[in-house]
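Colleague: Could you take a close look at one part of this model for me, the place where the two chains pack helix against helix, and then set it in its surroundings?

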Amino acid sequence: MITELTVLVLAIFVGFEVISKVPTMLHTPLMSGTNAIHGIVLVGAIVVAGLPHQATWIRIVALAAVALGTMNVVGGFVVTDRMLHMFRRREPGPEPPSE
Amino acid sequence: MSRADAIALAYLVTIVTFVLALRFLSSPTTARRGNLIGAIGMVIAVAATFAQSGVHNYLSILIVMAVFAPIGALAAQRVKMTAMPQMVALFNGVGGGAAALVALADFHRIAPDPGRIPFDVGLSIVLSALIGSVSFAGSLIAFGKLQELVSGRPITYPGQKLANGALLAALVGVGVAILAGPQRQALVGALILGALLFGVLFVLPIGGADMPVVISLLNAFTGLAAAATGFVLHNDVLIVSGMLVGASGTLLTILMGRAMNRSLANVLFGAFGTIRAGAGAGPGGDGAVRSTTPEDVAIMLAYAKRVVVVPGYGLAVAQAQHDVRRLADELEQRGVDVRYAIHPVAGRMPGHMNVLLAEANVPYPQLYEMEQINPEFPETDVALVIGANDVTNPAARNDPQSPIYGMPILDVDKAEHVVVLKRSMNPGFAGIDNALYTEPQTVMLFGDAKDSVTKLISSVKEL
């Protein structure tokens with residue numbers, strides 16, 4: 001319990017520290033990216049769905065959690081990737097000059 | 001090394017990848033790689049979980065994942081860039097729902113032995129059920145508001161805060177009963193249902209303009225719910241990742257509030273965006289709105305030295321970003337210095353405009369943040385406001401009666417000429433009139449932003 005609390009508190013500080021360096025223009029991808037990360041709850045859903053000898057309705061609830069968690073993870077990362085794809089640096093090619 | 005150690009190690013790798021993913025988000029050049037690293041970390045965590053000795057029923061779990069992964073991917077790929085905010089809300093909601101369901105199922109696992117549930121485990125279950133459900137229902141309402149399935153205006157009624165407060169108190173009571181009494185499954189069910197209702201009631205009175213802040217907050221909530229689940233399952237990767245999101249989401253929410261010069265309490269309980277009679281109009285201007293033609297604006301733009309484009313949500317709705325860039329290219333060929341002024345909350349999410357303009361290949365060095373561009377407006381010949389409203393309203397500077405008074409704005413009214421592209425005279429998200437429109441240097445070009453910009457391009461070409 002205490003170890004887990006320690007881990008928790010340290011994670012809070014890391015979270016604050018890392019985020020404060022993200023520029024405003026990347027805040028939407030940031031929101032989307034952290035959104036994907038909390039899809040980690042899928043791990044919890046798998047653990048519960050994987051327990052043997054459960055009542056049928058518990059299995060259903062747990063599998064529903066797996067379904068939601070899966071969508072959170074996959075959708076979250078794909079949306080973030082799509083957003084970030086647009087921030088690629090322009091090559092100085094035949095594009096109209098910006099200077 | 002035992003199997004448990006190997007799994008713990010794999011989880012540690014996942015945690016590192018998540019921190020790196022967030023770290024890499026500090027620059028546009030590394031951000032995408034960071035996201036990929038995070039995704040790899042997620043795959044590692046899922047694989048490690050399957051390797052746990054207590055996990056069975058592989059087949060059914062894998063089938064469910066195989067069915068729903070493509071659904072999530074497809075939804076994410078198909079969604080238009082303008083609909084990104086509600087998509088994020090939706091994915092956030094399902095995450096919260098997953099946390100609540102895990103809590104429900106897990107309570108059943110632990111509870112068959114009444115009275116034996118350890119306090120810390122019970123508390124974690126109650127928290128993840130409560131927070132996860134609020135996040136799920138709240139996110140769905142936020143989605144509905146942004147998708148305009150639910151009215152974007154705040155929905156209020158007398159005694160609302162009291163009713164919400166009473167519901168929250170009742171939920172806390174149920175939570176205490178679960179912790180204290182012989183554990184009954186029905187109580188957890190009641191807690192989840194009540195929390196779902198609370199999630200709905202909590203978001204309904206918040207205006208559409210504030211939805212990004214709400215989504216960010218609910219994002220933090222889902223993170224907390226995931227962390228609480230981690231305490232139940234004694235799983236470090238859940239605790240750390242959930243808390244990373246909880247902390248970063250909280251900080252982001254505060255930063256967004258600060259960008260609008262409003263406290264979180266004001267955002268959540270202020271019912272901001274109710275249409276108020278008489279607000280606005282304000283000082284400056286003679287009250288008359290001057291409408292103009294694309295030809296006139298084209299001349300103004302083509303002979304300007306510096307044009308600052310101020311994009312807003314109207315640009316996103318009209319999908320006009322590509323046309324705006326073409327117009328800018330056209331002007332630049334004529335030697336006009338074109339810049340873009342990005343208000344921190346332009347559009348419906350911070351950074352929303354950056355994403356859209358990036359999609360249209362606008363080089364990001366041309367995008368200026370509010371603090372950088374504001375001193376430049378007095379030397380600007382034309383400020384071209386495309387579908388932005390509240391973030392340009394000078395009432396925020398000089399009308400203490402205005403609900404947005406004190407919000408930092410783009411000082412477009414200091415430019416020599418202001419051209420506003422707008423569909424109609426309807427008020428913006430904040431539900432107030434914009435004093436800018438009646439200023440003497442302002443002209444309005446009514447119509448859909450995409451149409452207007454297309455006309456501007458052809459008019460400029462003809463010059």
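**Where the chains meet**

Modeller: Helix 3 of chain A and helix 4 of chain B lie roughly parallel to each other, because the angle between them is under the 35 degrees that marks the cut-off. Keep in mind that this is a predicted model. In numbers, helix 3 (residues 41-49) of chain A packs on helix 4 (residues 84-110) of chain B at about 30 degrees, and their axes are 9 Å apart. As for the hand of it, the two helices make a left-handed crossing. On the chain A side, the residues making the contact are A:Val41, A:Leu42, A:Gly44, A:Ala45 and A:Val48. Facing them from helix 4 of chain B are B:Gly95, B:Ala98, B:Ala99, B:Val102, B:Ala105 and B:Asp106.

Now step back to the whole interface. Here 76 residues of chain A are in contact with 99 residues of chain B. Helix 3 has company on the side of chain A that touches chain B: helix 1 (2-19), helix 2 (27-37) and helix 4 (56-85) of chain A each supply at least two residues too. The most comes from helix 4 of chain A, which gives 26 residues to that side.

What about the partner that helix 4 of chain B belongs to? Chain B has 17 helices and six strands. With a radius of gyration of 25 Å, close to the 23 Å that the globule rule gives for 463 residues, chain B is as compact as a globular protein of that length. Its C-alpha atoms fill a box of roughly 80 × 50 × 35 Å along the principal axes. In chain B, 54% of the 463 residues count as buried. Take the contacts in chain B between residues at least 6 apart in sequence: 80% of them join residues at least 24 apart.

Some of the strands of chain B are worth a look as well. Strand 5 (residues 417-422) of chain B is largely enclosed by the rest of the structure, since five of its six residues are buried. Strand 4 (residues 382-386) of chain B runs parallel to strand 5, and five bridges join the two. Strand 5 also pairs with strand 6 (residues 442-446) of chain B, again in the parallel sense and over five bridges. B:Val420 is a handy residue to click on: B:Val420 of strand 5 is the bridge partner of B:Val385, and B:Val420 also stands opposite B:Met444 in strand 6.

Technical notes
Residues numbered from 1 in each chain as written. Chains lettered and ligands numbered in written order. Predicted model: local features only at pLDDT ≥ 70, side-chain atom pairs only at ≥ 80, totals over all residues. Buried ≥ 20, exposed ≤ 12 C-beta atoms within 10 Å, placed from the backbone. Helix = DSSP H or I, 4+ residues; strand = E, 2+ residues; numbered from the N terminus. Pairing = 2+ DSSP bridges. Rg over C-alpha atoms; globule rule 2.2 N^0.38 Å. Contact = placed C-beta atoms within 7 Å. Axes fitted to C-alpha atoms, helices over the stretch in contact; angles between N-to-C directions. Parallel < 35°, antiparallel > 145°, perpendicular 65-115°, else oblique. Left-handed = near helix turned anticlockwise from the far one by under 90°.
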